[in-house]
Amino acid sequence: MTVTIKDVAKLANVAPSTVSRVIADSPRISEETKQKVKRAMEQLGYHPNINARNLVSKSTQTIGLVMPSSKDVGFQNPFFPTVLQGISEGAQEKYYALHMTTGKSEKEILDAVIQMVEGRRVDGVVLLTSRVRDQVISYLRKRKFPFVLIGKPYQDIEEITHVDNDNIRAMKEATEYLLHLGHRHIAFIGGTRELMVTLDRLDGYEKALQEAGILVKPEYIVHEEFLWEGGQEAVRELMALDEPPTALVVVDDFMALGVLNTLDELGIQVPQDLSIVSFNNVLLAEMSRPPLTSVDINIFELGYQATKNLILMIENDKEPVKRLIISHRLVERSSCAKYN
């Protein structure tokens with residue numbers, strides 16, 4: 001026997017139209033009535049037919065997610081499962097489903113996004129990384145399609161809703177932490193220069209050194225992919241210098257693990273011989289040997305706020321453009337020591 005809206009209305013002692021409004025999460029219905037109707041739905045095992053409702057409202061109740069390229073580091077980095085948890089929670093609260101896409105190249109990713117949008121498979125899109133000269137952003141803006149970016153846009157900052165950390169300030173503080181410990185030879189290990197987050201963090205590192213009256217040495221700045229191997233390559237380069245650094249700032253915990261691994265092979269002890277501060281504060285940072293001092297950027301909150309604000313844009317085309325800055329904090333562990 002199929003349970004209908006009328007059955008739910010009868011049990012909850014409300015009109016069928018009220019049940020429909022509760023399913024649509026209408027603000028006109030009181031919280032008390034909503035709970036009463038939801039209890040009746042649970043008791044009868046009633047599940048709203050989203051598809052039928054969507055045909056009427058021309059909405060898919062689905063959010064598109066654009067992951068980094070599948071040949072890229074994205075899928076290996078613990079940042080992404082954590083940000084997905086936040087996105088997923090924001091979507092579930094409003095009964096939205098998620099539709100993920102990626103590709104092996106930027107062109108494949110753009111094609112997948114075009115299919116999502118033109119095929120009306122999604123109501124809006126969350127972009128998980130901010131690239132320099134991003135074609136996906138250009139396309140979505142031209143189509144006037146709702147999207148939110150996690151990260152800072154490369155251009156037109158005032159016109160794109162985005163959720164980000166103050167990465168310049170966060171890296172400046174991380175570098176200052178090492179300066180306060182007496183380090184003067186601090187190197188920077190960053191990801192690809194294609195990503196805005198790398199450029200911002202490099203900026204913060206340089207600002208901290210300049211304010212402390214320390215010359216920024218080009219040989220102390222190494223760019224690799226956000227990868228375990230990248231971290232390993234970078235360390236070998238730095239430690240082979242005539243004047244190797246006494247401290248490192250690394251833009252990503254996953255990369256910092258590669259760094260620790262190589263230092264161990266080279267017989268360099270952390271923090272006795274070399275201090276390290278890294279970023280993201282994923283669980284791995286706590287479990288590494290030694291546990292890493294890392295900047296917590298509230299990854300879950302980045303994802304949650306991105307979805308929450310995208311749904312506001314989907315449901316109201318007059319929603320203003322926003323720049324949301326999520327707080328960060330340095331979590332001290334045992335990978336740093338005073339410079340003797």
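**A walk from Asp156 to strand S8**

Let us start at Asp156, which is partly exposed, with a relative accessible area of 33%. The model we are looking at is a predicted one. Asp156 has a charged partner, Arg141, and the closest N and O atoms of this salt bridge are 2.6 Å apart. The pair links distant parts of the chain: Arg141 belongs to helix H7 (residues 135–142), while Asp156 sits in the loop between strand S4 (147–150) and strand S5 (162–165), 15 residues apart. Arg141 is partly exposed too, because its relative accessible area is 28%, and the range between 20% and 50% counts as partly exposed. Glu159 joins in as well, so that Arg141, Asp156 and Glu159 are linked in a network of salt bridges.

Why can such pairs arise at all? Side chains of opposite charge can pair when their charged atoms come close. In total, the structure holds 16 salt bridges, and two others are worth a visit.

One of them brings together the side chains of Asp200 and Lys152, at 3.1 Å from N to O. Asp200 lies in helix H9 (residues 196–211) and Lys152 in the loop between S4 and S5, so this salt bridge ties together parts of the chain that are 48 residues apart in sequence. Are these two residues buried or exposed? Asp200 is buried, with a relative accessible area of 7%, and Lys152 is buried at 15%.

The other joins Glu286 and Arg333, with 3.8 Å between the closest N and O atoms. Here Glu286 comes from helix H12 (residues 283–287) and Arg333 from the segment after strand S12 (329–331), so the contact ties together parts 47 residues apart in sequence. Both are partly exposed: Glu286 has a relative accessible area of 46%, and Arg333 has one of 21%.

Now let us turn to strand S8. In a regular strand the side chains alternate between the two faces of the sheet. Along S8 (residues 247–250), Ala247 and Val249 point one way and Leu248 and Val250 the other way, and all are buried.

Which strands pair with S8? Strand S6 (residues 186–190) pairs with S8 in the parallel sense over four bridges, and Ile189 has Val250 of S8 as its bridge partner. Strand S9 (residues 275–280) also runs parallel to S8, joined to S8 by three bridges, with Ala247 standing opposite Ser275. Helix H11 (residues 253–265) completes the picture here: S8, H11 and S9 make a right-handed β-α-β unit.

Notes. Residues numbered from 1 in each chain as written. Predicted model: local features only at pLDDT ≥ 70, side-chain atom pairs only at ≥ 80, totals over all residues. Heavy atoms only, no water. Buried < 20%, exposed > 50% of the residue type's maximum accessible area, 1.4 Å probe, protein only. Helix = DSSP H or I, 4+ residues; strand = E, 2+ residues; numbered from the N terminus. Pairing = 2+ DSSP bridges. Right-handed = clockwise from strand over helix to strand, strands pointing away. Salt bridge = Lys/Arg side-chain N within 4 Å of Asp/Glu carboxyl O.
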